[in-house]
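Here are some short exercises to work through at your own pace. Have a look at the sequence and the model before you start.

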Amino acid sequence: MVNEILEILNEDSRRTPEEIAVMLGTDVETVKQKIEELEKNKVIVKYNTIVNWDKTDREYVTALIEVKVTPQRDQGFDAIAERIYKFPEVKSVYLMSGDYDLAVMIEGRTMKEVAFFVAEKLSVLDSVLSTATHFVLKKYKVDGVILEDEEKDYRQVIVP
Amino acid sequence: MNVESMIAERVKEVPPSGIRKFFDIASEMEGVISLGVGEPDFVTPWNVREACIYSLEKGMTCYTSNWGMPELRKAISCYLSRRFGLEYNPKNEIVVTVGASEAIDLALRAILNPEDEVLIPDPSYVAYMPCVRFAGAKAVAVECRPEDEFRLTPDKLEQKITPKTKALILPYPNNPTGAIMTHDDLEAIAQVLRRTDIIVISDEIYAELTYGQRHVSIASLPDMKERTVVINGFSKAFAMTGWRLGYAAGHPALISAMVKIHQYTTLCAPIMAQVAAIEALRKGFEDGFASVEYMVKQYNMRRKVMVNGFREIGLECYEPKGAFYVFPSIKKTGMTSEEFCEKLLMDQKVAVVPGTAFGASGEGFIRCSYAYSIDNINEAIKRIGNFLKKIL
């Protein structure tokens, strides 16, 4: 049942324990208790909102930085990843297989700001061997959600 | 020339669909919330649509075998075996049709002589009675009652069997009631039928959409396969209503007779839809029908929300175990089904379908579909609740 609760909340975090209880055919207290546990164990990390900032007047740019690093003895990639993800400009950090090691998503107000961040903060780190910066031009789908032109309901009002 | 007088008697005497009137009003109205749709709100999965686009690019735009593409028939045979334990030879026991609707029409026309009688559980899907009458035979309703959870019972069935009875249409999981027939329910029906020469036309289009238990086909019961035509399709299980693709499986003699009509009236089902269906099944075999399971899970949650919602606003409703309909009773309002639906539409702009559209036994009930988002369902129930407060 825990996975089902998570699936429902992952789809719409505004669903109340009352609604979830009905959807899963169980009682409210059980759902509340499970959610509390999930929050406590950090399985549920945070409730947030998917925003299409392109529809607002906020100026921002997102970049994907490919970072090659030297792993450190005893700590592997974790220590350098932590050095990087602690910067508030960094929105996400993934350890990757393949040509490079860390995929770092950075958000800034302008391209210049992002470029300076990479030059001054990221590439100067000891274990960083090289970086490659790719600016995001348009977001089509984020976290499984299509941002624009979601398919509409073409069905007729009444069908036998 | 009086053109109207040229219309055949058997066409004239079939009344127009009970749904039509509501559709005309509702489709003109602004801001209508509908629970009136008998098709999934899911769009056909992208892999299926993409396979069809690719086939068009390759130029697959020709006729196929009258029976349907051999690859598709093989896949259907495999699907029926894996999902429902039914064994049919793809060479001569399966025909691919334009929707399950065509398969029903073919099955009826293949077996019916004038004066033959066909038993139809009531309430059930709107097309059975007209199809029987277009085929020149007589439709006989068999009442299904709420106290039996709208299942067909052996005693009600037996009461309607005469020497002229040629066939029984067995539409479970049921539209509009959401009723299902368990193995034991079917065995009781089979016990009656085995003593007769009645053909069963088992419309199993909602077979994948059951909650809490798997669908059982009457064809899987001992000695029932020979006399049963299993009808199914891709509309409900794979969210492919507009593709119009169905099939029938049964005794070679029945299927060849159906193919004879099919080849002269339709030739074959559209190749685009057949290619898409092959992909739907291929992916299903590969991932254990994950997209079907996903849809069933979503429907199940909505089903619970709807049943709970109706009970909270004081509408009596039994818990349906299949399809995607809830069939609450509106008897306490003192209104007829049609009256209720019309006033609800005018007053609250909620479109539901009167139970009587599906037969006389549907009087006092309304069909509400939960093939909608939970927010849509909640809003509709709220409005129906407001309506009840006003009139009770």
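The exercises below deal with a predicted model.

**Exercise 1.** Work out how many residues each chain gives to the contact between chain A and chain B, and sort those of chain A by class.

*Solution.* Start with the totals: chain A supplies 11 residues and chain B supplies 22 residues. Next, take the side of chain A that touches chain B: six residues there are nonpolar, two are polar and three are charged.

**Exercise 2.** Find which members of the largest nonpolar core touch the most other members, then follow the contacts of B:Ala248.

*Solution.* The largest nonpolar core has 129 residues, and those that touch the most other members are B:Ala107, B:Ile201, B:Ile231 and B:Ala248. Now place this core in chain B: domain 1 (3-44 + 291-391) and domain 2 (60-287) each give at least three residues to it. Then turn to B:Ala248 and set aside its neighbours within four places in sequence; its contacts include B:Val95, B:Leu106, B:Ala107, B:Ile231 and B:Met258. Finally, look for a second, separate core: this one has 16 residues, among them A:Val104, A:Ile106, A:Phe117 and A:Val128.

**Exercise 3.** Give the strand order of the open three-stranded sheet in chain B and name its edge strands.

*Solution.* The order is 9-12-11, with antiparallel pairing. Strand 9 (325-326) and strand 11 (353-354) of chain B each pair on one side only, which makes them the edge strands. Between strand 11 and strand 12 (residues 366-369) of chain B there are two bridges. To check the register, find B:Pro354: opposite B:Pro354 stands B:Ile366 in strand 12 of chain B.

Technical notes
Residues numbered from 1 in each chain as written. Chains lettered and ligands numbered in written order. Predicted model: local features only at pLDDT ≥ 70, side-chain atom pairs only at ≥ 80, totals over all residues. Contact = placed C-beta atoms within 7 Å. Nonpolar A, V, L, I, M, F, W, Y, C, P; charged D, E, K, R; others polar. Core = buried A, V, L, I, M, F, W, Y, C linked by C-beta atoms within 7 Å. Buried ≥ 20, exposed ≤ 12 C-beta atoms within 10 Å, placed from the backbone. Domains from an automatic or database assignment. Pairing = 2+ DSSP bridges. Helix = DSSP H or I, 4+ residues; strand = E, 2+ residues; numbered from the N terminus.
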